[in-house]
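Let's go through this one as a quick back-and-forth on charges, burial and contacts.

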Amino acid sequence: MKFCDVIVAGVNPLVQNKLRAGLSILGIFIGITSVLCMIAIGEGGKKIIAEDIEKLGGANQFTLWTRTSTFKRGRLRRTTERYTLKDAYAIEAECPEVLYVLPNHEAFENLVTTRSGNQVRALLEASTENYALGMNWELQVGRFLTENDIETAAQVCVLGSEIATELFGGESALGQEVKVRYYRYWRQKPVRMRVVGVMKPKGRSLTWEYSLDDAICVPLTTCQQRLTGIRYIEYLIVFFEKGADVNSIIASAKDVLRKRHRGQDNFIGHFIPQLTLKRLEHIQKVIKIALGSIAGFSLFISGIGIMNICLVSVGEKTREIGLRKSVGAKRIHIFLQFLMESICLCLCGGVIGIVGGWGAAQGMALLAVRIVLVVDVWPVVLSLPWILTSVIFSIVIGVGFGVYPAVRAARLPPIDALRTEN
């Protein structure tokens, strides 16, 4: 018996009994669809977060933020130490795996005004010349801040794309003068600054819920001396080499800061973007286990149903089995015929389940965009290994639950089979 004949013998019952075959593969379809939909949506969410982290400098970074108070011995105690610009230079010099450190000060709702009277509320980003490099932010026109701007506390600024459009419309912003008023000091006179560059559109951050397109970047020293009068720094964004151990770098950075701050470290806090991805991966694993258990139970029940259908098929074809054996058919031929019927049922359920999983994931992605309003598109990521796994798993179920009916059919004595009345 040729292999093609085995396939035909396995497919014919499905064609002849379409309703019964459809109900049999329904459980396989539901199980495969639910698992693939969950995986496609989960991988899409992971891709969104990874892209969002890259939007703000990538995963090879961590942020040292200032603890203004600590809870010790049942009391809230204020900290006295703060970061300085020299701290950033010291970490760069003494930590070999650190590429550069961005001292950063952020402030929201700052008022920016043009000579023509246009006003906008802007995010103030005060940092050094490496800020655009660290944030993966490209220039549209002009230049970014330079080391000389930092050293001389120059009254220059770089605008995000949206704020440049709101202030100047279609007119070029380069060389224009703007007045910046710090949001905490409304009575203080605004500081005049010259626009030296405009950045390319970057988009809104999902993690921090703000957009650098609405930002105005100024030299850190200019912000300290002319806008705030505050000499300390709120954040130190530390960028390190790929593959380096982030925990060891944090420990070495803290050692440097302790030496420079009289052994104190209660003011040091840190945030690691990589942990966001790790937490998401952990949540995905839990969901996969939970949904996989449900899908596995569904597939098990479906397998039992397919075994029952195959046993019914053996009963219906008992005389046919006896006739085939009497004319020379071997046990292996009968076994393969009924085993192929089971495999075809499960394989059809698996293939349709792949299509259903993709379609369900697309629908869930459209729903997710409406729920997470910051995201314009929720990607559906269904990798080839998972598709192949679904196909292989369907075949395994077909073999596992089709062996018994196939063995039972192969062992039927030809004489007894011919005497059977269907």
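Q: Is Arg-143 buried, partly exposed or exposed?
A: This is a predicted model, so keep in mind that every value here is computed from it. The relative accessible area of Arg-143 is 29%. Buried would need under 20% and exposed over 50%, so Arg-143 comes out as partly exposed.

Q: Which residue does Arg-143 meet in a salt bridge?
A: Opposite charges on side chains can pair when the charged atoms come close. For Arg-143 the N to O distance is 2.8 Å, and the cut-off is 4 Å. The partner has a relative accessible area of 4%, so it is buried. That partner is Asp-149.

Q: How many residues apart in sequence are the parts tied together by Arg-260 and Asp-87?
A: The two side chains meet in a salt bridge at 2.6 Å, N to O. Arg-260 sits in helix α8 (residues 246-260) and Asp-87 in helix α3 (residues 85-94), so the pair ties together parts of the chain that are 173 residues apart.

Q: Of Arg-260 and Asp-87, which counts as buried and which as partly exposed?
A: Arg-260 has 39% relative accessibility, so it counts as partly exposed. Its salt-bridge partner has just 1% and falls in the buried class. So the partly exposed one is Arg-260, and the buried one is Asp-87.

Q: Which residues are linked in a network of salt bridges with Arg-115?
A: One salt bridge joins Arg-115 to Glu-177, with the closest N and O atoms 3.5 Å apart. That pair links distant parts of the chain, from strand β8 (residues 177-181) to the loop between β4 and β5, 62 residues apart. Arg-115 counts as exposed at 70%, while Glu-177 is partly exposed at 22%. The network links Arg-115 with Glu-177 and Arg-192.

Q: Why does helix α7 count as largely enclosed?
A: Helix α7 covers residues 220-228, and most of it is covered by the rest of the structure. Among its buried residues are Leu-220, Cys-223 and Leu-227. Just after the helix, Gly-229 takes a positive phi of about 75°. The helix counts as largely enclosed because its buried residues number 7 of 9.

Q: Which residue's backbone oxygen lies 2.7 Å from a polar side-chain atom of Asn-110?
A: Asn-110 is in strand β4 (residues 98-114). At 0% relative accessibility, Asn-110 is buried. The backbone oxygen 2.7 Å from its side chain belongs to Ala-107.

Key:
Residues numbered from 1 in each chain as written. Predicted model: local features only at pLDDT ≥ 70, side-chain atom pairs only at ≥ 80, totals over all residues. Heavy atoms only, no water. Buried < 20%, exposed > 50% of the residue type's maximum accessible area, 1.4 Å probe, protein only. Helix = DSSP H or I, 4+ residues; strand = E, 2+ residues; numbered from the N terminus. Polar contact = N/O pair within 3.5 Å; in protein donor to acceptor, adjacent residues only side chain to side chain.
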